[in-house]
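Subject: Structure handover

Hello,

Here is the structure I said I would pass on. My notes on what was found in it follow below.

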Amino acid sequence: MLDQEKLGFHPISMDDRNWMNEKLKEDRLDACEYTFANNYIWAKAYDVQVGCAYGCGVIKYREQERVRYSFPFGNGDKKSMIAHLQKICAVHGYRLHLCPVTEEGRSQLIEWFPGEFEVGADRDAFDYVYTVEKLTSLRGKKLHGKRNHIARFMDEGDWQYKRMTQKEIPECRRMAKEWMAMRAEKWNDGMEQEISAMEVAFSHFGELGLCGGVLYKGGELVAFTIGEPLNEDTFVVHFEKAFPDLQGAYPMINQQFVLHEMQAFQYVNREEDTGDQGLRRAKLSYYPDRLLRKYRAVESHVVFADETEREAITEIWNRCFGDDRAYIALYMDNRFERENMYVIYQDNRPVSMASLLPVQVMVNGKKEKARYVYAVATLPEYRKKGYALEIIKYAAQKYGEPLILQPADRDLQEYYEKRGFADAFGESPCWIYAGRCAAAAHTPVLVTDDCALEVAEELDGRDRPDMIGGWVVSDANEKEYKAVRDQFFEGEGYVEWDENAIAYAIRENQLCGGRTLLLTKSTAAQNPAKAVLMYRTEQDSLHIMETTLDDDALYNILPELLGYTGATWAYQRNMGGMVLLPERLKGWDCRAGYLGLTLC
């Protein structure tokens, strides 16, 4: 039986410093976690253990009662190491969880273990990387505020920067206690762990090869920072503390540390923000030259689709829906992202898929994140295995958000009803209009071909009419369309798309022979009235995809629109949709609201 001891896992100690540093140098990793010192100082917080096999090192952590492993480092056989870790996890009854995984590691996992790992970006763990030149000079309009804060700090000239030595560490300990007292109201377990890690850094400062800086104001220590070389061209900053009520203390220690200790390096890695929004704003305020993406990889039967599988996804789509390659390419080019489509692999290729597109929906007066479920499909030869349902269940558990969809037919509606989805978003009956080209009557009558031809000839050669029914007409862009749409439909149950989704809807409608119009009409009020109208022609019919015009206004312009398009009749149908609610939102009346634009 496999056992962890075969990899020699043991609590990290100073005895591991040399071999770990050698293995880490072989890979030259940019992520802040990949230094011996960083793992040593956080050992207590995360129960850090290390092991070595297959010519690679690996780090084992415990995070909220969950075991995870680093991606293997060193120039050995990483694939075999990962396969070995999979077997260890299987013996102990849990899935292998790798973190952090770099961009290169992500590509290797997908290549070596196709369909076996869900590899998702961990935004809270992205490292903020800046050039040494930027943090030294603080040039440019964007960093003008930082320069001002530093100037205020330097005003009276009673300041001093020094490189940290053993002599300054007792003062830094005292300052850390004062800093803790000032943060007492906001104290949490994460801060407690950081102070504990900082104490380890102080106690083993020389042994760990750390480098630090201290800042004095009026003879008193007001800030300190600690870091170390990460690789040949990057220095990583592990800790930075300053009194928050002293203007300029933080930007001053930041700049001085870089100025005095990092000029031999090209980049500064200031680590992640751990999801703390205040810290995120502070790090973004320096305009990082790079956000170093890091991923979490978890063994899973349901995995994110990868861009390298585009041809396989196109095959599933084409065989299941019959759409041509141009239509599929439009979606893949504009809406596919690494983490908005799930697939299941069989026989080393994707055979089932579903897109989970981000939207917002108003629930009980609050905008909630949700996912629109689109293009659910399984190759015919792999059906009746429950793959599509497995993807949907996985997504529901992972996101904990409402899942919204629009079934293509009654059979599918019954299928989803049995899986917990409920009718939602107010389906309305289909209406059909067939009016005369020059008539204002709203009762259904057939238009004559001659009348349609006359108007069509009059408008021949135009991209679009300039005026319709008193409205000034222009092509709507995504920003304009979204603004009008949100204002008109917003309310309980409204499903709101972002501008990227609206842009795709406009392109998709155009590919299918349609137009998306912005209608403007002067009024007595200061702001002109605005409406949007998205339509497409299908043989001799005009399909109103979506509009913010009321029925009377729409009926007034339809004769001219029919004439312009050459269609003989028009129709609109709001099919509503279905929703699967997470437990926390059960009880919401999902029949209210509006879906629309379901091909986003």
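To begin with a single pair of residues, Gly514 stands opposite Arg536 in S26. Please keep in mind throughout that this is a predicted model.

That pair belongs to the contact between S25 and strand S26 (residues 529-538), which pair in the antiparallel sense over 8 bridges. On another side of the story, S25 (residues 514-521) also pairs with strand S23 (residues 471-475), again in the antiparallel sense, here over 4 bridges. Within that pairing, Leu518 of S25 is the bridge partner of Ser474. S23 in turn is joined to S22 by 2 bridges, and these two strands run antiparallel. There, Ile468 stands opposite Trp471 in S23.

These strands are part of an open sheet of 7 strands, ordered S21-S28-S27-S26-S25-S23-S22, with mixed pairing. At its edges are strand S21 (431-433) and strand S22 (467-468), each of which pairs on one side only. Helix H17 (residues 478-489) lies across S23, S25, S26 and strand S27 (541-547). The helix runs at about 105 degrees to S26.

There is also an open sheet with 7 strands in the order S8-S9-S10-S11-S12-S7-S13, and its pairing is mixed. Strand S8 (159-163) and strand S13 (290-292) each have a single partner strand, so one side of each is left without a neighbour in the sheet. On average, and ignoring direction, neighbouring strands of this sheet are turned by 25 degrees against each other.

Inside this sheet, strand S9 (residues 211-217) pairs with strand S10 (residues 220-229) in the antiparallel sense, over 7 bridges. Gly212 has Ile226 in S10 as its bridge partner. Helix H8 (residues 169-182) packs on the sheet and touches S9, S10 and strand S11 (234-242). The direction of H8 makes about 110 degrees with that of S10. Helix H10 (residues 249-261) packs on the sheet as well, touching S8, S9, S10, S11 and strand S12 (267-269). The direction of H10 makes about 135 degrees with that of S9.

Next, the cavity search. Over the whole structure, 1 cavity of 30 Å³ or more was found. The volume of this cavity is about 130 Å³. Its lining consists of 17 residues, and those closest to the centre are Ile110, Phe117, Val119, Val303 and Phe304. Helix H5 (103-112), strand S6 (117-121) and strand S15 (302-304) are the elements that give two or more residues to the lining. Sorted by class, the lining has 10 nonpolar, 1 polar and 6 charged residues.

Last, the aromatic rings. A search of the whole structure gives 26 aromatic pairs. One of them is formed by Tyr34 and Phe73, whose ring centres are 6.2 Å apart. Their planes stand at 65 degrees, so the pair is edge-to-face. The two residues are 39 residues apart, and the pair links distant parts of the chain. Tyr34 is in the loop between helix H1 (17-27) and helix H2 (36-41), while Phe73 is in the loop between strand S4 (66-69) and helix H4 (78-92).

Regards

How values were computed: Residues numbered from 1 in each chain as written. Predicted model: local features only at pLDDT ≥ 70, side-chain atom pairs only at ≥ 80, totals over all residues. Heavy atoms only, no water. 1 Å grid on protein atoms, 1.4 Å probe; cavity = no way out; pocket = protein on both sides within 12 Å on 5 of 7 lines; lining within 4 Å. Points joined across faces, edges and corners; volume = space filled by probe spheres on them. Nonpolar A, V, L, I, M, F, W, Y, C, P; charged D, E, K, R; others polar. Pairing = 2+ DSSP bridges. Axes fitted to C-alpha atoms, helices over the stretch in contact; angles between N-to-C directions. Contact = heavy atoms within 4.5 Å. Phe/Tyr/Trp six-rings, centres within 6.5 Å; stacked < 30°, edge-to-face > 60°.
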